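Work through the exercises below with the model open. Try each task before reading its solution.

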Amino acid sequence: MSKYIPGNHKHLTASDRLYIERALNDGISFKEIARHLCKDPSTISKEVRAHRLSDYYPGRGLFLNAKNFCVHRFHCQKKNVCGKIILCDIKCASCPSCNQHCKDFVRERCNRLDRAPYVCNGCDKGHVRCTIPHKYHYDALFADRRYRETLRDSRSGLHLSKKELRHIDAVVTPLIWQGHSPYQIVVEHPELGLSVRSIYQYIELGLLTGRNIDLKRKVKFKARRCHKSQITDREVFHGRLYSDFQQLPPTHVVEMDTVKSSRDSKKCILTFYFRDEKLLLAYLLNRCTKGAVRAVFDRLEKRLGTITFRILFETVLTDRGGEFGDPEALETGMDDYQRTSIYYCDPMRSGQKGGIENVHTKLREILPKGTSFEHLTQWDLNLIVNNINSVPRQSLLRLTPYQNAKENFDMDVLLALQLKPVDPDKINLTPELIK
């Protein structure tokens, strides 16, 4: 019938335990206590027996009141049972050594501790007149602390067998080594039943073969210096500032930037990032010049067609790099039609085009800083881009940029941009991808 008592399914609180302690001190029965707390009497009984405080110290083998606890001590005539003193004329009944050495020792017990209330709270004898050795008391603060320790310990550890852990390690670790993020692994392998936090926790605890050093986001970021040549002609910024960009109605925005090679190569990579689709495009430039950027725009317009190009690249937001210093050439198409609108971020405000800066971190996982682009080909870049665009994004509700672009663009557009999906388990975001 206890399940029909309102509130009986809830755990006891600290205030409930304080009431139990006061009630036991006043001699109130378990039944009355349970009625006041809307609990079953068995709940109060289990609480008192589980969390009562003993005065026995197992480590030292003694009680707080070191006395003779034998039931025969009032009429016992034995002497020198311990044999420690050769000439001992003291009765063992008055010596606490009897408790450990006498073979006839029988410990005195109290019925109050063997049945309700199971504790010494509310006893009329008190501590001074009571001769019972093993006493129990119910202390609300101690009981609540022990309850919380038990609750914490019951929720600690892993709810996994060794076989299940080995299976998780066999799936997660190789993907971590391939550069996959924990979020990507969770999305592509829902059968594991893991969360992103669980994977990080397993790696932190050393339960998986993969380590923190294998995770991309566990490294420290370093402030970088800008070695990029800047636009010197301030006239090009007229009507193209970031403040002008903010005044535009909602449009299809594409962020543009370049990624530099090491010093022994003059090649660089021109990147585009579609904000709505989270899609990355990358093109290899033999020289980081205005003409090379213009050539990429012309090639894309030729592949897509002027109308499609105007729809996809309606508004382009970029930084003030010298290679973007001729906006009129980029805005004007091959037939002298305006094909796009160029806008520039404020100086030292890369966060205004944070999408492309963020996706560059994934690009740099495959092409670390200091990598020479001298032997890089456009085929290699297409492979890199397709791997990055096949990674599911949390901001896209677990869709990949490619899947999102497939819903918004025609298939002919994706083929013209040389985009295709990559199998989730074959995605590689490490330098091994192009070796």
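Helices here are DSSP runs of H or I with at least four residues, and strands are E runs of at least two. The model is a predicted one.

**Exercise 1. Count the helices and strands in the protein chain.**

Solution. Apply the run lengths above. The protein chain then has 18 helices and nine strands.

**Exercise 2. Set the radius of gyration of the protein chain against that of a compact globule of 435 residues.**

Solution. Start with the reference: such a globule would come out near 22 Å. Next, take the protein chain: its value is 39 Å. Then look at the C-alpha trace, which spans about 120 × 55 × 40 Å along its principal axes.

**Exercise 3. What share of the residues in the protein chain is buried?**

Solution. The cut-off is a relative accessible area under 20%. Buried residues make up 44% of the 435. Now turn to the surface. The protein chain exposes about 25,600 Å², with 53% supplied by carbon and sulfur atoms.

**Exercise 4. Classify the aromatic pair of Phe274 and Phe409, and place both residues.**

Solution. First, search the whole structure: eleven aromatic pairs turn up. In the pair of Phe274 and Phe409, the centres are 6.0 Å apart and the planes meet at 65°. Planes over 60 degrees apart count as edge-to-face, and this pair is edge-to-face. Next, locate the partners. Phe274 lies in strand E6, Phe409 in the loop between helix H17 and helix H18, 135 residues apart. Now check burial. Phe274 is buried because its relative accessible area is 0%. Phe409 is also buried, at 11%. Finally, widen the view: ring pairs link a cluster that includes Phe274, Phe409, Tyr283 and Phe297.

Definitions and conventions
Residues numbered from 1 in each chain as written. Predicted model: local features only at pLDDT ≥ 70, side-chain atom pairs only at ≥ 80, totals over all residues. Heavy atoms only, no water. Rg over C-alpha atoms; globule rule 2.2 N^0.38 Å. Buried < 20%, exposed > 50% of the residue type's maximum accessible area, 1.4 Å probe, protein only. Areas by Shrake-Rupley, 256 points an atom, 1.4 Å probe, with all protein chains shown as cover. Phe/Tyr/Trp six-rings, centres within 6.5 Å; stacked < 30°, edge-to-face > 60°.
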